[in-house]
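Reader: Hey, could you take me through one part of this model up close? I'd like to hear about the nonpolar core and whatever you can tie to it.

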Amino acid sequence: SLFWLAVVYTRLGKYEEAEPLFQRALAIREKIRGPEHPNTAATLFWFATNYRHQKKHKEAEPLFQRALRIYEKRLGPEHPTTLVSLETLATFYLDTNRYKEAEPLLQRALALNEKSISGNLFATFLEKYAYLLRKTKRAKQAAVFEQRAKAIRAKLSS
């Protein structure tokens, strides 16, 4: 209940109210479920999201990283929850202009290929990678990824 209330507060923009709830929920989940349980990872992910909204990047980053490691280990690299966590961490790095950290995450996701990732999420990975390529002065490469994403989105909407 603490976890879900903290998520609701985060979604409502009540970040400071959510913070102590996440702290308590995390302590409880680590004690009862263990430090590497997917429920613990979910708490870490949302706690990091709360910090991200507050621009507390130093606090958010290790939580996002730990959540991703847990999901990869416990659920596998192709699990939808793992992929969302991967996309979120990559976006965090893009939003903080840390392209060197974002690139291997996006490349890893794209290496899984379209068959492993839902069409919308795969198109999102393509678009984010294209954005990174443009920001790092690789416009020709970016255009290729943008075109692929556009084709996937067109196919999905028809």
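Author: Quick bit of vocabulary before anything else: two residues are in contact when they have heavy atoms within 4.5 Å of each other. Also, keep in mind that this is a predicted model.

Okay, the core. The largest nonpolar core has 51 residues, and Phe22 and Phe125 are the ones with the most contacts inside it. Helices giving two or more residues to this core are H1, H2 (15-32), H3, H4 (57-75), H5 (80-95), H6 (99-112), H7 (119-135) and H8 (139-157). H7 gives the most, with nine residues. In general, nonpolar side chains tend to be buried together in soluble globular proteins.

Let's zoom in on Phe125. Setting aside neighbours within four places in sequence, Phe125 touches Leu83, Leu86, Glu87, Leu106, Ala109, Leu110 and Ile117.

Two of the helices that feed the core, H1 and H3, also pack on each other. H1 (residues 2-11) and H3 (residues 38-53) meet at an angle of about 25 degrees, and their axes are 10 Å apart. Angles under 35 degrees count as roughly parallel, so that's what H1 and H3 are. Their crossing is left-handed. On the H1 side you've got Phe3, Val7, Thr10 and Arg11, which meet Ala42, Thr43, Trp46, Thr49, Asn50 and His53 of H3. Sorted by class, that contact has four nonpolar, five polar and one charged residues.

Lastly, a loop to check: Lys137 sits between H7 and H8. Lys137 isn't a glycine, yet has a positive phi of about 65 degrees. Its relative accessibility is 76%, so Lys137 counts as exposed.

Conventions: Residues are numbered from 1 along each chain as its sequence is written. This is a predicted model: local features need pLDDT of at least 70, side-chain atom pairs count only at pLDDT 80 or more; totals for chains, interfaces and linings use all residues. Side-chain values use heavy atoms; hydrogens and water are left out. Axes are lines fitted to C-alpha atoms, for helices over the stretch in contact, and angles run from 0 to 180 degrees between N-to-C directions. Helices (H or I, at least four residues) and strands (E, at least two) are DSSP runs, numbered from the N terminus. Angles under 35 degrees count as roughly parallel, over 145 as roughly antiparallel, 65 to 115 as roughly perpendicular and the rest as oblique. A crossing is left-handed if the near helix is turned anticlockwise from the far one by less than a right angle, and right-handed if clockwise. Ala, Val, Leu, Ile, Met, Phe, Trp, Tyr, Cys and Pro count as nonpolar, Asp, Glu, Lys and Arg as charged, and the others, Gly among them, as polar. A nonpolar core is a set of buried Ala, Val, Leu, Ile, Met, Phe, Trp, Tyr and Cys residues joined through side-chain atoms within 4.5 Å. Buried means under 20% relative accessible area, exposed over 50%, partly exposed in between (1.4 Å probe, protein chains only).
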